[in-house]
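Welcome! Here is a short guided tour for anyone meeting this protein for the first time. Please keep the sequence and the 3D view at hand as you read.

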Amino acid sequence: MPENPDPTAEPEWDSAAGKSDPETARQRHLPVLLERTVELFEPALRDRRATVLDATLGMGGHAEALLRAFPDVTVIGVDRDPEALRLARRRLADFEGRVRLVHGVDDQLDEILDEQGVTGIDGALFDLGVSSLQLDESERGFSYARDAPLDMRMDSTGGRTAADVLNTYSRAELIRILREYGEEKFAARIASEIVRARDREPFVTSERLVRLIYDSVPAASRRTGGHPAKRTFQALRIEVNGELEVLRRALPQAIDALNPGGRAVVLSYHSLEDRTVKRTFSERSKSRTPVDLPVELPGHGPQLRLLTRGAEFADESEAAANPRASSVRLRAAERIEERR
């Protein structure tokens with residue numbers, strides 16, 4: 001088969017492998033808080049031609065639900081993972097004409113919407129973090145449970161890998177990302193061991209790193225808080241993909257693109273993401289008029305109305321059926337100010 005220059009284009013599928021089957025995508029990915037997400041979007045999308053930006057499309061579970069629930073809605077689905085886009089394309093094939101799929105990173109939303117000829121959107125959805133697709137494919141190196149190349153790129157078509165980070169970052173840089181992105185209290189000890197070990201032999205696969213982390217953490221700490229490698233792998237993944245920096249740029253772009261009455265719904269899976277979302281929503285829901293002025297200055301009023309009181313969580317039954325739901329935090333807001 002000739003090489004296809006489009007990383008999201010439909011390949012010649014191996015039916016025996018089943019990777020192209022839309023039912024495979026549904027089985028591999030259970031969307032988190034699906035009914036609540038649809039419910040929150042309903043006032044902005046019901047009985048009208050509307051556009052939703054799914055900034056983290058994944059395998060298309062939330063997009064499919066919105067397309068089924070609202071027959072006049074068009075979804076622009078963005079994802080940096082070519083394999084996710086291939087699976088989503090098959091899953092959403094029944095909605096031809098109402099779906100536009102884009103290979104890109106979600107902090108490029110201004111450019112993406114402009115290229116799509118869209119001047120305003122009625123919904124913006126972010127389902128953050130690593131997907132079940134990425135965790136399930138062991139060769140991509142996201143999971144510490146299986147030995148695999150230390151890759152961790154959401155877009156495997158380019159960019160640095162986790163091995164690059166481990167083998168080239170200084171001890172100080174490693175400490176910073178382990179503390180900041182992994183909230184790892186043994187960051188200095190782990191970073192020192194990584195530098196010592198790579199001087200003997202560069203890191204290539206995950207098993208050696210997992211073993212090093214396990215040996216670096218005191219025995220008492222290994223007995224609580226899950227696997228000791230979890231925080232380091234989270235930190236490496238966030239660094240490799242620039243996840244927090246991307247979110248800090250992408251969410252304001254999505255809010256700015258919302259039409260009045262449009263809604264943003266964000267699902268986060270760890271406190272670092274959630275704090276960023278909370279801060280952005282909070283800042284945009286406050287007046288920017290100086291407190292000593294008696295009247296609201298034009299164009300300085302709140303842009304958002306918060307729709308959730310704090311963060312919402314999955315109930316026990318959903319968390320039991322879908323382990324990814326156990327850590328979810330959902331926040332939502334509505335655009336109340338005219339776009340400039």
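## A buried alanine

Let's begin with one residue: Ala 187 has a relative accessible area of 0%, so it counts as buried. You will find Ala 187 in helix 9. Setting aside neighbours within four places in sequence, Ala 187 is in contact with Ile 175, Leu 178 and Arg 179. Another residue to look for is Arg 231, which is 44 residues from Ala 187 along the chain. The C-alpha atoms of Ala 187 and Arg 231 are separated by 9.7 Å.

## The whole protein

Please bear in mind that this is a predicted model. The protein has 15 helices and 7 strands. Of its 340 residues, 54% are buried.

How do contacts relate to distance along the sequence? Take the contacts between residues at least 6 apart in sequence: 71% of them join residues at least 24 apart.

## Helix 8 meets helix 9

Back to the surroundings of Ala 187, which lies in helix 9. Helix 8 covers residues 171-182 and helix 9 covers residues 187-200. Their axes come within 9 Å and cross at roughly 135°. Helix 8 and helix 9 are therefore oblique to each other, and helix 8 passes helix 9 in a right-handed crossing.

Which residues meet where these two helices pack? From helix 8 come Arg 171, Leu 174, Ile 175, Leu 178 and Arg 179. On the helix 9 side they meet Ala 187, Ala 188, Ile 190, Ala 191, Ser 192, Ile 194, Val 195 and Arg 198.

## Helix 2 and its buried face

Now turn to helix 2, which has 12 residues, 34-45. At 1.5 Å a residue, helix 2 should span 16 Å, and its end C-alpha atoms are 16 Å apart, which agrees.

Which residues of helix 2 are buried? They are Thr 37, Val 38, Leu 40, Phe 41, Ala 44 and Leu 45. Seen down the axis of helix 2, these buried residues fall within an arc of 165°, so they line one face of the helix. Some background helps here: an α-helix has 3.6 residues a turn, so residues three or four places apart point the same way.

What covers the buried residues of helix 2? The cover includes helix 3 (61-69) and several strands: strand 1 (50-54), strand 2 (73-79), strand 4 (121-127), strand 5 (258-268) and strand 7 (329-335). Just after helix 2 comes Asp 47, which has a positive phi, near 55°.

## Helix 2 against helix 3

The axes of helix 2 and helix 3 are 10 Å apart, and the two helices pack at an angle of about 45°. Helix 2 and helix 3 are therefore oblique to each other. The crossing of helix 2 past helix 3 is right-handed.

Look for Leu 34, Thr 37, Val 38, Phe 41 and Leu 45 on helix 2. They meet Gly 61, His 62, Ala 65, Leu 66 and Ala 69 of helix 3.

## A valine in strand 5

One last stop is Val 266, which lies in strand 5. Is Val 266 buried or exposed? With a relative accessibility of 0%, Val 266 counts as buried.

Leaving out neighbours within four places in sequence, Val 266 is in contact with Phe 126, Leu 128, Leu 251, Val 277, Phe 281, Arg 329, Leu 330 and Arg 331. Although Val 266 and Ala 55 are 211 residues apart along the chain, their C-alpha atoms are separated by 10.0 Å.

Definitions and conventions:
Residues numbered from 1 in each chain as written. Predicted model: local features only at pLDDT ≥ 70, side-chain atom pairs only at ≥ 80, totals over all residues. Heavy atoms only, no water. Helix = DSSP H or I, 4+ residues; strand = E, 2+ residues; numbered from the N terminus. Expected span 1.5 Å × (residues − 1). Buried < 20%, exposed > 50% of the residue type's maximum accessible area, 1.4 Å probe, protein only. Arc of directions from axis to C-beta. Contact = heavy atoms within 4.5 Å. Axes fitted to C-alpha atoms, helices over the stretch in contact; angles between N-to-C directions. Parallel < 35°, antiparallel > 145°, perpendicular 65-115°, else oblique. Left-handed = near helix turned anticlockwise from the far one by under 90°.
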